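I opened the notebook to record what I looked up, entry by entry, before drawing anything together.

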Amino acid sequence: MSVIAILPLPGLLYAVVKKDDDGNIVERYFEGTLDEAKEYAASAAVTLGLALEELGADILEGLKSVGSNLGNATLQVVEYAGPALVDGIENTYDYIRGKLQGREPDIIAAITVGALAVLAGVYLFNAAKRGTMTYAE
Amino acid sequence: MALDEGLDDALNIAGYWTLGVTKGFLVAIVPIAVVGLAFGMGLKVVKAGVRIGRVE
């Protein structure tokens, strides 16, 4: 991390410089009296502060934009989820209906076979529990 | 006419159910009868075995 510093020079002069981590002077901004150097450093600090403030505002604006876009996208998902679900159910119904159309008696026959099989199974199970095929009087 | 279409639909549905239930019954009755007879015969055999093996 670099540091801005006021450095005394020979002859009552001062310089505003940038130093690196090792203390080496990387860049020399200004030379003049102490008051001028202070004024320069102060104005540089103000300029830096303004730049940082602007950067913060930009970041805030960007975050607001992201949040807004995300909110809009979420609202769109919620808005279109219902119709999409209804369309999906309708398409599924149409597909199944198309597949089964013309074979209604077979489907009803299959349902009947299943029902009779279940009834017969329950009856035989109960008969086995009673030990007789007919109900006791 | 809508009424005629509705009547046609009702007759169609009645036909589907009549045919379907009849077909299902005919398909299922033979296996059910066979299984029932086998079950009844098994029950008789078990009862006879119990009677023969009973100690008075």
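The entries below follow the order in which I looked.

I noted at the outset that this is a predicted model, and I read every value with that in mind.

I began with helix 1 of chain A, which has 67 residues and reaches 96 Å from its first C-alpha to its last, close to the 99 Å expected at 1.5 Å a residue. Following its course, I found a bend of about 35° at A:Ala81, with a proline, A:Pro83, coming within four residues after that point. Beyond the helix I came to A:Gly102, whose phi is positive, near 90°.

I then turned to the surface, where A:Leu48, A:Leu52, A:Leu55, A:Ile59 and A:Leu63 make a nonpolar patch of about 520 Å². I recalled that an α-helix has 3.6 residues a turn, so residues three or four places apart point the same way. For one member, A:Leu55, I checked the location, helix 1 of chain A, and the relative accessibility, 47%, which counts as partly exposed.

How many aromatic pairs does a search of the whole structure find? I found one over all chains: the rings of A:Phe30 and A:Tyr40 have centres 5.0 Å apart and planes at 5°, so I entered the pair as stacked. The pair links distant parts of the chain, with A:Phe30 in strand 3 and A:Tyr40 in helix 1 of chain A, ten residues apart. I logged A:Phe30 as partly exposed at 22% relative accessible area, and A:Tyr40 as partly exposed at 29%.

Last, I looked at chain B, which has one helix and zero strands. Of its 56 residues, 9% count as buried, and chain B exposes about 4,600 Å², of which carbon and sulfur atoms supply 74%.

Methods. Residues numbered from 1 in each chain as written. Chains lettered and ligands numbered in written order. Predicted model: local features only at pLDDT ≥ 70, side-chain atom pairs only at ≥ 80, totals over all residues. Heavy atoms only, no water. Helix = DSSP H or I, 4+ residues; strand = E, 2+ residues; numbered from the N terminus. Buried < 20%, exposed > 50% of the residue type's maximum accessible area, 1.4 Å probe, protein only. Areas by Shrake-Rupley, 256 points an atom, 1.4 Å probe, with all protein chains shown as cover. Patch = residues over 30% accessible without salt bridge, like charges linked within 9 Å, V, L, I, M, F, W, Y side chains within 5 Å. Salt bridge = Lys/Arg side-chain N within 4 Å of Asp/Glu carboxyl O. Expected span 1.5 Å × (residues − 1). Bend = angle between axes of the 7 residues up to and from the residue. Phe/Tyr/Trp six-rings, centres within 6.5 Å; stacked < 30°, edge-to-face > 60°.
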